[in-house]
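Colleague: I would like to learn how to read a model like this one. Please show me the entry, then take it feature by feature.

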Amino acid sequence: MTLLEHDKNAPKAWYGNLPVTSRYTFGIAGEKFFRAIKNEGKIMGTRCQKCERVYVPGTSFCERCLGKLDEWVDVGTIGEVKTFTLLYQNYDGTPREIPEAIAFIAFGDGGIIHRLGVVAVEEINIGMKVEAVFKEKEDREGSILDIVYFKPISDG
Ligand SMILES: [Zn+2]
């Protein structure tokens with residue numbers, strides 16, 4: 001038998017289960033971003049002066065010029081709805097009585113995907129200003145879910 005011939009008796013597969021888990025770290029910039037949410041209730045970005053862009057969430061490198069970014073800027077807690085979708089099912093597949101609104105909310109030249117709260121579906125519109133509602137400080141864990149939802153601000 002040469003190397004190119006197939007051994008008909010060779011096992012074709014291994015059967016079994018591999019328990020695979022993985023964990024991704026936030027990275028240096030991600031850690032700073034989530035620490036600011038947890039400890040200060042702030043949304044932080046990084047600025048590239050060369051490209052005149054503010055990345056939100058903050059990143060370590062500019063995706064345009066690949067320059068190292070270390071200028072952190074507080075972009076505030078009010079962003080703008082750029083697009084949204086409505087979820088008619090819960091995460092377990094059961095139907096929802098009231099659809100949940102998930103939006104891309106622009107901050108700087110980036111943004112955050114999060115849920116909208118305290119707003120009727122028919123009142124959601126592209127361009128509306130929404131403000132982050134944070135958990136109480138002692139309940140925050142350093143997660144994007146430390147923001148409970150974004151709510152509309154009245155004066156647009
Ligand atoms: Zn740049």
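Modeller: Start with the labels. Helices and strands are DSSP runs, at least four residues for a helix and at least two for a strand, numbered from the N terminus. Keep in mind that this is a predicted model.

Colleague: Then begin with a loop. Where does E52 lie?

Modeller: E52 lies in the loop between β1 and β2. Its phi is near 55°, a positive value in a residue other than glycine.

Colleague: Is E52 buried or exposed?

Modeller: Exposed means over 50% relative accessible area. E52 counts as exposed because its relative accessibility is 70%.

Colleague: Which residue in the loop between β2 and β3 should I look at next?

Modeller: Take L66, which is in that loop between β2 and β3. Phi of L66 is also positive, near 65°, and L66 is not a glycine. L66 is exposed, because its relative accessible area is 64%. The C-alpha atoms of L66 and S154 are separated by 39 Å, and the two residues are 88 apart along the chain.

Colleague: What is special about the peptide bond from V56 to P57?

Modeller: The V56 to P57 bond is cis, with omega near -5°. P57 is found in the loop between β2 (53–55) and β3.

Colleague: Now the helix. What span should I expect of α1, and what does it reach?

Modeller: The expected span is 1.5 Å times one less than the number of residues. Helix α1 covers residues 27–40, with 14 residues. From first C-alpha to last it reaches 19 Å, close to the 20 Å expected. Just after α1, G41 takes a positive phi of about 65°.

Colleague: Which residues of α1 are buried?

Modeller: A29, G30, F33, F34, A36 and I37 are buried in α1. They cover an arc of only 145° around the axis, so they sit on the same side of α1. The cover over these buried residues includes β1 (44–48), β3 (71–74), β6 (110–116), β7 (129–134) and β8 (147–152).

Colleague: And E31, which lies in α1 too: how accessible is E31?

Modeller: E31 counts as partly exposed, because its relative accessibility is 36%. The C-alpha atoms of E31 and K42 are separated by 13 Å, with the residues eleven apart along the chain.

Colleague: Next, the core. Why look for one at all?

Modeller: In soluble globular proteins, nonpolar side chains tend to be buried together. Here the largest nonpolar core has 21 residues. I43, I105, F107, L116, V130, I147 and F150 touch the most other members. The elements that give two or more residues to this core are α1, β5, β6, β7 and β8. The largest share, four residues, comes from β5.

Colleague: What is I147 in contact with, beyond its neighbours within four places in sequence?

Modeller: I147 is in contact with I37, I43, H114, A132, V133 and F134.

Colleague: On to strand pairing. How many bridges join β4 and β5?

Modeller: Look at the bridges and the direction of the strands. β4 and β5 pair over eight bridges, in the antiparallel sense. One of the partners is easy to place: L86 has A101 as its bridge partner in β5. The hairpin of β4 and β5 has five residues between the strands, and there G93 takes a positive phi near 90°.

Colleague: What does β4 do with β7?

Modeller: Strand β4 (residues 78–89) is joined to β7 by three bridges, and the two run antiparallel. I78 has E131 as its bridge partner in β7.

Colleague: Last, a glutamate in a strand. Where is E100, and is E100 buried or exposed?

Modeller: E100 is in strand β5 (residues 95–107). Buried means under 20% relative accessible area. E100 counts as buried because its relative accessibility is 11%.

Colleague: Which side chain makes a polar contact with the side chain of E100?

Modeller: The partner is the side chain of R115, at 2.7 Å. Leaving aside neighbours within four places in sequence, E100 is in contact with T85, L86, L87, Y91 and R115. L86 appears in both views: in contact with E100, and as the bridge partner of A101.

Key: Residues are numbered from 1 along each chain as its sequence is written. This is a predicted model: local features need pLDDT of at least 70, side-chain atom pairs count only at pLDDT 80 or more; totals for chains, interfaces and linings use all residues. Side-chain values use heavy atoms; hydrogens and water are left out. Buried means under 20% relative accessible area, exposed over 50%, partly exposed in between (1.4 Å probe, protein chains only). A polar contact is a pair of N or O atoms within 3.5 Å; within protein, one must be able to donate a hydrogen and the other to accept it, and residues adjacent in sequence count only if both atoms are side-chain atoms. Contact means heavy atoms within 4.5 Å. The arc is that of the directions from the helix axis to the C-beta atoms. A nonpolar core is a set of buried Ala, Val, Leu, Ile, Met, Phe, Trp, Tyr and Cys residues joined through side-chain atoms within 4.5 Å. Two strands pair if DSSP finds at least two bridges between them.
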